[in-house]
Amino acid sequence: MVALFSTTATRLRLWLLQRSRNTLHFFLLFGVSQGCGSTTTGKLASHGFASMAAMSSFPPQRYHYFLVLDFEATCDKPQIHPQEIIEFPILKLNGRTMEIESTFHMYVQPVVHSQLTPFCTELTGIIQAMVDGQPSLQQVLERVDEWMAKEGLLDPSVKSIFVTCGDWDLKVMLPGQCQYLGLPVADYFKQWINLKKAYSFAMGSWPKNGLLDMNKGLNLQHIGRPHSGIDDCKNIANIMKTLAHRGFIFKQTSKPF
């Protein structure tokens with residue numbers, strides 16, 4: 001009996017030792033505890049792999065790239081006519097990661113009302129020296145086309161779409177000024193996503209105060225100064241990223257021309 005008990009105890013100790021080794025091996029490989037889990041996730045992320053939770057919370061978008069745009073234009077009280085674009089920023093947003101990959105940003109010299117009004121400078125932060133000597137709208141549009149080509153956005157297999165805060169930029173401002181100057185409007189400017197409409201679809205309320213209401217509704221800090229074209233683009237991109245992480249899929253809101 002004593003010999004039998006001793007043999008049984010020895011086998012039990014060996015079994016427990018093997019089991020503890022297996023458990024430790026599993027810990028090291030997969031990170032069962034919270035600490036190991038975060039370490040493993042960090043290693044996976046560093047090799048370009050997202051966690052399953054992150055992947056499932058970020059559904060694929062319909063577009064390869066979103067082109068975030070927000071014009072600033074000459075203005076006064078009462079309003080001057082015609083208005084002319086004086087800041088032309090575009091952010092290239094990756095549709096898979098929702099991160100900014102490239103930036104186009106130029107100031108534009110107005111020709112009809114060449115002197116900016118005090119109201120315009122106060123509103124936009126753009127001073128006269130920032131537009132004097134800058135390219136005309138025609139020249140800027142040519143550079144936009146060059147940038148689009150360089151970024152691979154003119155490739156027919158690449159799906160991209162502009163995103164604006166409202167319909168004014170691409171429905172009113174750009175086609176109106178191009179018509180006044182006798183310039184053609186490129187086809188890629190003729191379809192877009194109105195972020196206000198997208199936000200209202202996602203959140204169930206209309207943002208009366210535009211970016212300020214959208215940032216407030218999503219508990220986001222406002223980036224930069226209001227009515228700075230490039231800062232407004234950064235806010236639009238940040239709102240889009242937040243909505244995408246919540247599972248929203250962006251769709252074109254403009255009607256075909």
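## A buried leucine in a loop

Leucine 116 is buried, with a relative accessible area of 12%. You will find leucine 116 in the loop between β4 and α4. Please keep in mind as you look around that this is a predicted model.

Which residues does leucine 116 touch, once those up to four places away in sequence are set aside? The list is Thr74, Ile86, Pro110, Thr121, Ile126, Ile127, Gln128 and Val131. For one of these partners, valine 131, there is also a C-alpha distance: 8.9 Å separates the C-alpha atoms of leucine 116 and valine 131, which sit 15 residues apart along the chain.

## The chain as a whole

Let's step back to the whole chain. Its secondary structure comes to 10 helices and six strands. The chain has 257 residues, and 39% of them count as buried. The accessible surface comes to about 14,900 Å², with 58% of that area belonging to carbon and sulfur atoms.

Contacts can also be sorted by how far apart the partners are in sequence. Among contacts with a separation of 6 or more, 68% are between residues 24 or more positions apart.

## A nonpolar patch on the surface

The same loop that holds leucine 116, between β4 and α4, also holds valine 111. Is valine 111 buried or exposed? Valine 111 is exposed, at a relative accessible area of 52%.

Valine 111 also belongs to a nonpolar surface patch, together with Val112, Tyr180 and Leu181. The area of this patch is about 360 Å².

## Salt bridges around lysine 92

The structure holds five salt bridges, and lysine 92 is a good place to pick up the trail. The side chain of lysine 92 meets that of glutamate 151 in a salt bridge, with 3.0 Å from N to O. Lysine 92 belongs to strand β3 (residues 85-94) while glutamate 151 is in the loop between α6 (137-150) and β5, so this pair ties together parts that are 59 residues apart in sequence. Both residues of the pair are buried.

Lysine 92 also forms a salt bridge with glutamate 101, where the closest N and O atoms are 3.9 Å apart. Lysine 92 counts as buried because its relative accessibility is 4%, whereas glutamate 101, at 43%, counts as partly exposed. Through shared partners, the salt bridges join Lys92, Glu101 and Glu151 into one network.

## A link from helix α10

Another salt bridge pairs lysine 241 with glutamate 99, and here the closest N and O atoms are 2.4 Å apart. This pair links distant parts of the chain, with lysine 241 in helix α10 and glutamate 99 in the loop between β3 and β4, 142 residues apart.

How accessible is lysine 241? Its relative accessibility is 24%, so lysine 241 counts as partly exposed. Glutamate 99 counts as partly exposed too, at 38%.

## Helix α8 and its surroundings

Helix α8 covers residues 195-203, and its buried residues are Leu195, Ala198, Tyr199 and Ser200. An α-helix has 3.6 residues a turn, so residues three or four places apart point the same way. What do the buried residues of α8 pack against? They pack against the strands β5 (160-164) and β6 (192-194), and against the helices α9 (211-217) and α10 (229-245).

Both ends of α8 have a detail to look at. At the start, a side-chain oxygen of asparagine 194 comes to within 2.9 Å of the backbone nitrogen of lysine 196. Just after the helix, glycine 204 takes a positive phi of about 80°.

## Serine 254 and tryptophan 192

In the segment after α10 you will meet serine 254, which counts as buried at 9% relative accessibility. A polar atom of the serine 254 side chain lies 3.0 Å from the backbone nitrogen of tryptophan 192. Apart from neighbours within four places in sequence, serine 254 is in contact with Lys190, Gln191 and Trp192.

## Cysteines

A disulfide is a covalent bond between the sulfur atoms of two cysteines. With a cut-off of 2.5 Å between the sulfur atoms, the count of disulfides comes to zero. Cysteine 120 is in no disulfide, and the nearest cysteine sulfur, belonging to cysteine 75, is 3.8 Å away.

Cysteine 120 is buried, with a relative accessible area of 1%. Cysteine 165 is buried as well, at 15%.

Notes. Residues numbered from 1 in each chain as written. Predicted model: local features only at pLDDT ≥ 70, side-chain atom pairs only at ≥ 80, totals over all residues. Heavy atoms only, no water. Buried < 20%, exposed > 50% of the residue type's maximum accessible area, 1.4 Å probe, protein only. Helix = DSSP H or I, 4+ residues; strand = E, 2+ residues; numbered from the N terminus. Contact = heavy atoms within 4.5 Å. Polar contact = N/O pair within 3.5 Å; in protein donor to acceptor, adjacent residues only side chain to side chain. Patch = residues over 30% accessible without salt bridge, like charges linked within 9 Å, V, L, I, M, F, W, Y side chains within 5 Å. Areas by Shrake-Rupley, 256 points an atom, 1.4 Å probe, with all protein chains shown as cover. Salt bridge = Lys/Arg side-chain N within 4 Å of Asp/Glu carboxyl O.
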